[in-house]
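Student: Could we go through this model together? I would like to begin with the fold and then turn to the pairing of the chains.

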Protein chains: 2
Amino acid sequence: MPPPDIRFCRRCGAGTVQRVPAGEDRERAVCPACDYVDYVNPTNVVGTVPTWGQDREIVLLCRRAIEPRKGLWTLPAGFLEVGETIAEGAERETREEAGARVEMGPLFSILDVVTARQVHLFFLARLRDVDLHPGPETIENRLFALDDIPWDELAFRTVRHTLECFVSDRDAGAFGLHTGTIH
Amino acid sequence: MPPPDIRFCRRCGAGTVQRVPAGEDRERAVCPACDYVDYVNPTNVVGTVPTWGQDREIVLLCRRAIEPRKGLWTLPAGFLEVGETIAEGAERETREEAGARVEMGPLFSILDVVTARQVHLFFLARLRDVDLHPGPETIENRLFALDDIPWDELAFRTVRHTLECFVSDRDAGAFGLHTGTIH
């Protein structure tokens, strides 16, 4: 995926040029007027695997009210914001998208989504209650027994992979950290 | 840390305004001419703990040739770039800063540096050889026995914390994943 369309300097408004800045080895959008370099780097998407039940036998999924993948099921997740830790961001997204209060657990998956310029990070989490309120980005919350996860209606490959790891680890009786690349 | 000075639209060059975009809940730099929203999110810094010896009894550190913290010792690390996985980025930084070829190991630490708007991720790595060549950002490479790590001359708190976890895990005989927040 190409970097976003950068044609003007964010700082001074002059037109930018694509060139390799001094001391670097790759092209960036550089401002010839004020020398500002507009770096574009991958962003983090943070979320949770919110479960219910002592043995984590039920998982909360959200049906997306917005594009992309409107109508499909996802784990609550979104972009990490300035001013928060990855765990705080994951908890916030869970609250915003599902109206769910969770007790945060360990980091569970870190997946590189290179073409989307993203890194996805999911934490295990336990729902504190099932008083759930879908946010504006969610059509519907639903609690799924693991056997009933709608595998063919999941919104994103990182969600599928994370849920596959979750089911597998739960069957094995131990949750680990999963890394990988989504191509 | 405030977001970077954004005063103009990267896409159309018009002056931006700080406001809450429709459907969101926090202020962003928004272009009133073309509606572009200039999102600012935390970035990832990726690096390695490069070791030598079967029992990882020696660690490679780099003395920084550039600011910030010029002259102090660091683990090789730098910003994750578009087009690479976090492991590829960590390996690239190790090659660029230390001229070191490594066999990548597992992810070892993930540290939120909230005030710097960064997440630091370090992997364990084994040096393939000790034919090392400092890059332009490095004054000097040095192999340190763990007892000789220059604790008072380390460049960054995430480097210190990662090395502390490394020494502690090695003493305990098992390497885990370490998460935390640097305040």
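Student: What does the secondary structure of chain A come to?
Tutor: In this predicted model, chain A has two helices and eleven strands. Helices (H or I, at least four residues) and strands (E, at least two) are DSSP runs, numbered from the N terminus.

Student: Which pattern does chain A follow along the sequence?
Tutor: Chain A reads β-β-β-β-β-β-β-α-β-β-β-α-β. Its C-alpha trace spans about 60 × 35 × 30 Å along the principal axes.

Student: Before we go on, what are the conventions for numbering and confidence?
Tutor: Residues are numbered from 1 along each chain as its sequence is written, and chains are lettered from A in the order in which they are written. As this is a predicted model, local features need pLDDT of at least 70 and side-chain atom pairs count only at pLDDT 80 or more, while totals for chains, interfaces and linings use all residues.

Student: How is chain B laid on chain A?
Tutor: A turn of 180 degrees and a shift of 0.0 Å along the axis lay chain B on chain A with an RMSD of 0.0 Å; the superposition is by least squares on the C-alpha atoms of residues with pLDDT of at least 70 in both. The two copies are therefore related as by a two-fold rotation axis. The same surface serves both copies, since 100% of the contact residues of chain B recur in chain A. Two residues are in contact if their C-beta atoms, placed from the backbone, lie within 7 Å.

Student: How many residues does the contact take from each chain?
Tutor: The contact takes 35 residues from chain B and 35 residues from chain A. On the side of chain B that touches chain A, β4 (43-52), β8 (102-113) and β11 (178-181) each supply at least two residues. The largest share, three residues, comes from β8(B).

Student: Different topic: where is the cis peptide bond of A:P68?
Tutor: The bond from A:E67 to A:P68 is cis, with omega near -5 degrees. A:P68 lies in the loop between β5 (58-64) and β6 (73-74) of chain A. In chain B, a cis peptide bond joins B:E67 and B:P68, with omega about -5 degrees.

Student: And what is the phi of A:R56?
Tutor: A:R56 has a positive phi of about 50 degrees although it is not a glycine. A:R56 is found in the loop between β4 (43-52) and β5 of chain A. Most residues other than glycine have a negative phi.
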